[in-house]
Amino acid sequence: MIRLPSPAGGASVDAERTTAIGPPFMPNDHHDVHRRELPPLPALASFLAAVETSSFSRAAKRMALTQSAISRQIALLEDWLGVPLFERRGRRVTPTPAALAYAEAVGPAVEKLRSATRRLLTPVADRALTIATLPSFGMRWLAPRLPGLTARHPELLVNFAARSYPFDFAEERFDAAIHFGLPDWAGADHALLFHEDVVAVCSPDWLARNPVATPGDLLAHPLLSLEARPDAWGRWFAAAGLADAAIGEGPVYEHFLMLAHAAAAGMGVALIPSFLIRPELESGALVTPLDVTLSASEAYYLVWPRSSSHSPLFDRFRQWLLEEAGAEA
């Protein structure tokens, strides 16, 4: 203990004095390592843009920065990593092999970070789309592809509802719809998805009991129809060379998949777009008794109200759908 004089020069006061023992303060090694493993995000984003565009100036335009700002960010990252990332020859820059490998490794992680941030900052109502789709198209073609949409655009929330006929966008709360026919939806813009090939199908057991050699042989058997396409069989027989065929009445179904199940159960022969029944054709549950295909000017379209403004979310969905449809065509 040492005795200190009173500040006023009066009685002294006692005070404890402790002596520090051991080495000076050092930062927590564990935390320091973790800080060292995470580079500055702005510098990392500038680096990725420069690698993707192979240009500091184009990277600056993408990032809405000046070229000198991009250069400073990349120099900061190079200093932080202790590794040169670009070879500089005058105004030309070329990523080093180490830079290319690093960009390939960290690029997906940065994109996931961007997507997660967009989801957090965007209210659910502002990132949701509502699409009307033809029932069988939605179940058989669209639904299996939706995981790919989620993987590509996790910020999108897309709701679907079944609609078999055109409607007025002004009266229905839909952002878009899947339409089959001609590009004639009133008040809507159209984007072509693809055309279809329609084939006559039946179950193999039905065909074994009812041999079919020519298109005319089908006239003596039940012909299953879709409610929305009452003229389909007439057009199919015309394509087969029997334009004046006397077609009898047969069972009518509301959806293609109902039609497919009826044909597979042995109810008769049905006309169905081949892309909707690939699993049944591949498994042998349905067979084509004749090599006649009906192709027409009608097609599948994505339609959306002409008067609406395009949201970035809808543009992403439309681009994805058109790419998927292009792979189908």
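What pLDDT does the protein chain average? The answer is 85, and 84% of the residues score at least 70. Keep in mind on this tour that you are looking at a predicted model.

**Stop 1: the start of the chain.** Select residues 1-34. Here pLDDT stays under 50, and the model has 16 contacts beyond four places in sequence for this stretch. Where pLDDT is low, the predicted coordinates should not be read in detail.

**Stop 2: the sheet.** Now select strands 9 to 13. These five strands form an open sheet with mixed pairing, in the order 11-10-12-9-13. Strand 11 (252-253) and strand 13 (293-294) stand at the edges with a single partner strand each, so one side of each has no neighbour in the sheet.

**Stop 3: a parallel pair.** Select residues 223-226, which are strand 10, together with residues 269-273, which are strand 12. The two strands run parallel and are joined by two bridges. Look for Leu223, which stands opposite Val269 of strand 12.

**Stop 4: helix 10.** Add residues 256-264 to your selection. This is helix 10, which packs on the sheet and touches strands 9, 10, 11 and 12. The direction of helix 10 makes about 140 degrees with that of strand 12. Show the side chains of its buried residues: Phe256, Leu257, Leu259, Ala260, Ala262 and Ala263. They pack against those four strands and also against helix 6 (135-142). After helix 10 comes Gly266, with a positive phi near 95 degrees.

**Stop 5: helix 9.** Finish with residues 232-239. Helix 9 lies across strands 9, 10, 12 and 13, and runs at about 90 degrees to strand 12.

Technical notes:
Residues are numbered from 1 along each chain as its sequence is written. This is a predicted model: local features need pLDDT of at least 70, side-chain atom pairs count only at pLDDT 80 or more; totals for chains, interfaces and linings use all residues. Side-chain values use heavy atoms; hydrogens and water are left out. Two strands pair if DSSP finds at least two bridges between them. Contact means heavy atoms within 4.5 Å. Axes are lines fitted to C-alpha atoms, for helices over the stretch in contact, and angles run from 0 to 180 degrees between N-to-C directions. Buried means under 20% relative accessible area, exposed over 50%, partly exposed in between (1.4 Å probe, protein chains only). pLDDT is the predictor's confidence in each residue, from 0 to 100.
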